[in-house]
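Colleague: Could you take a close look at one part of this model with me, and then set that part in the context of the whole chain?

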Amino acid sequence: MSGDDPDSLMSLCTVFCLKNLRRTMCYSEGERNQLQLRPDVFLPGEICDRLVNVYMDLVHTDSDFEQQDGFFQLFSDPRSTRLTRLQLREDLVRDRDLEAIGKQDLMELHLSCCSHVTARGLRTLCSFRHSLRSLSLFGCSSIFFRKSGAPLAAGEDQDEAEEERLQQRTVDLDFSFQGFNRLRLLNLGGLPAELDVETLLRPLPALTSLDLSAVHLPRPAFLTQWKERLASLVLYNVELTEELIHTLLQMSRLRAVICVVCSVCRHLDISRENQRTSKFKMTRKILSSIVQSLVHLVSLDISGHIMLDNCTVPAISSSIAPVTGSKNEDQILNAIEAYTEQRPELAHRAINQLFDIARIQHCSQLLRALQLVITALKTPKYDKSIQVTGSAALFYLTNTEYRSDQSVRLRRQVIQVVRNGMEQYQEVTVQRNCCLTLCNFSIPEELEFQYHRVNLLLLKILEPARQDDSIQRIAVHLCNALVCQVDNDHKEAVGKMGFVKTMLNLIQKKLQDRMCDQVMEFSWSALWNITDETPDNCQMFLECNGMNLFLDCLKEFPDKQELHRNMLGLLGNVAEVKALRPQLLTKQFITVFSELLDSKADGIEVSYNACGVLSHIMFDGPDVWTMEEPKRSHVMDKMWAAIQSWDVSSRRNINYRSFEPILRLLPQSCAPVSQHWATWALYNLVSVYPGKYCPLLIKEGGVILLQKVLELESSHQETKDMARKVMEQCENFKEDPMDTSR
């Protein structure tokens, strides 16, 4: 299947080493447990670059990955490590990290939105001036500034408090690009207006690519110093003026004035984010002048500008590069790919258009679309709008219509990026979109590899302070699905996360509102699932006032059949735990269970589950029955009557993973009615669903225990007759295992 190629061995080893540094290439030293590279480890540039760049990705996209103090210090010695090409981004990067790698011969350094890097880090860049060929300082708003009124000492630490970063700052006038003789590509996008860009760039006569996005250019004529060399000039969101246009017309060798850094620059782009912020009026005369003067251009983008005089674009070239726009799916996907890294506002528009295609039409390039949206959601951590539109697009791109075309690996990537969005963004729309997207997956199977983390996130969403009903409903549904059909270890782990208490808090809130909705019913269903064969969770239910909530719900919602079924199913799980049964043996509870034997709610389910609870209580014998009312014999008579009223061919709304709790009631004589309930349950299940339950009963030794029922004198004849029918059903199934049940 396309997109299902396994990760390379290099990728797997890199991630493993980063997640196990002290077990692979590092050791700890000193009282501070400082990370150190092993003395016998020597790493070439390709591996070192990959380690650092993948480390950055893991910190930003894998919430289970812990940031390592002193990580960059591992690459401080160029005799054992070599760094050449790094891409560092966002708040993770500090001045001390750049200082740690100051002895390396970096050729490419891309810093993106590193707001914690200050003039102290800028000075470190001078260490790379003899080797650096490509430098990006896009969005690094603090790098040309230092704290006001204090000298910048070599050991000064400016990374501590947020308020310190916000203090008045002054431009560091000591920095210069003097000596960066090999520098060819420079990105200063977002350079603050306090900086004199002309003075800053004067020492760089050999530039071939320059990005000045959103930079104030009061005197643009200085750009002509590169008119014989510059092949790429980025002027996105730069206010056009007549002087700037005049300067551009002199750039005779310019092949591309673009808004993104591409491997092959093929278009002129002097576009803007939107028209409303632009004072410049584009005319046909200006367009013609640009095209006629810049003879190497092959395409032109002037979007976002106000057009006058029926302005149309003259022909440029027959060689057209990939076009970004909104006309068709190709243009939209090209736009997402081009703008994601540094133009989140444009990427947001393009993803929104992709959302419309996936929702209303049909996405023909599913694999590419998914990969681009995943990349977009990973990249602009600083832009919430992309998280909203991207998570909405993922919901439609992962639904049933597209599922057959998606590989396991790709769907796991979607789950990871959704999980990250849920963790990082508490905005209601993002949370809702992410929860809805998870509903497109097979649960719990496809979420198994993220089981612990997803459960924690859902429980956090369900905190009582959250009042959005739609999110609560979806999150409770997901919680219920996650604890259904998983092993007991998973259920116990989720119980320790606070699952039981969270569900009971939701129930308490709904009781206060006197509302029995899907959240209420799903919460009881989830409790039923998570307490199945997990005594610890059953105990938590009792300790968290669960029985009182059960009684209150019965009283407040006497006609809610599905609610009653879910509650009685849960109490059946509690009653299976011998150590907890004494807490159920009170006059109030026994009276309620006894009354529910007569219930016709949801077919036989409520009556059946109430009888199951009482059967386990009766199994403990008459000695534990210390109450005078109701009498044990009277309750047992009601149980016999209830069982005899049930249709043994009833189809069931229940799912047994094991018969062990039922089978333990068979070989005993202290409570024949409990034995009869267990035998009836087995006969019903193997008769109606032989293909599912005959093998399970045989596997768990049920036939042998039924034989013992026949041998016990205390067993009622009706029970023995039913036991024989169960044994015959299993024998017939072994002879002809074809299951014709539906």
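What covers the buried residues of H12?

Modeller: Bearing in mind that this is a predicted model, the cover over the buried residues of H12 includes five helices, namely H10 (344-360), H11 (366-378), H13 (400-403), H14 (408-424) and H15 (428-438). Helix H12 itself runs over residues 384-397, and its 14 residues reach 20 Å from the first C-alpha to the last, close to the 20 Å expected at 1.5 Å a residue. The residues of H12 that are buried are Ile386, Gln387, Thr389, Gly390, Ser391, Ala392, Ala393, Leu394 and Leu397, a list that includes Gln387, Thr389 and Ser391 alongside Ile386, Leu394 and Leu397.

Helix H29, residues 690-699, can be read beside it: there Pro690, Tyr693, Cys694, Leu696 and Leu697 are buried. These residues lie on the same side of H29, because they cover an arc of only 165 degrees around the axis. Just after H29, Gly701 takes a positive phi of about 75 degrees.

As for the setting of both helices, the chain holds 31 helices and 14 strands, and 54% of its 742 residues count as buried. Among contacts between residues at least 6 apart in sequence, 69% join residues at least 24 apart. The chain exposes about 33,600 Å², of which carbon and sulfur atoms supply 48%.

Notes
Residues numbered from 1 in each chain as written. Predicted model: local features only at pLDDT ≥ 70, side-chain atom pairs only at ≥ 80, totals over all residues. Heavy atoms only, no water. Helix = DSSP H or I, 4+ residues; strand = E, 2+ residues; numbered from the N terminus. Expected span 1.5 Å × (residues − 1). Buried < 20%, exposed > 50% of the residue type's maximum accessible area, 1.4 Å probe, protein only. Contact = heavy atoms within 4.5 Å. Arc of directions from axis to C-beta. Areas by Shrake-Rupley, 256 points an atom, 1.4 Å probe, with all protein chains shown as cover.
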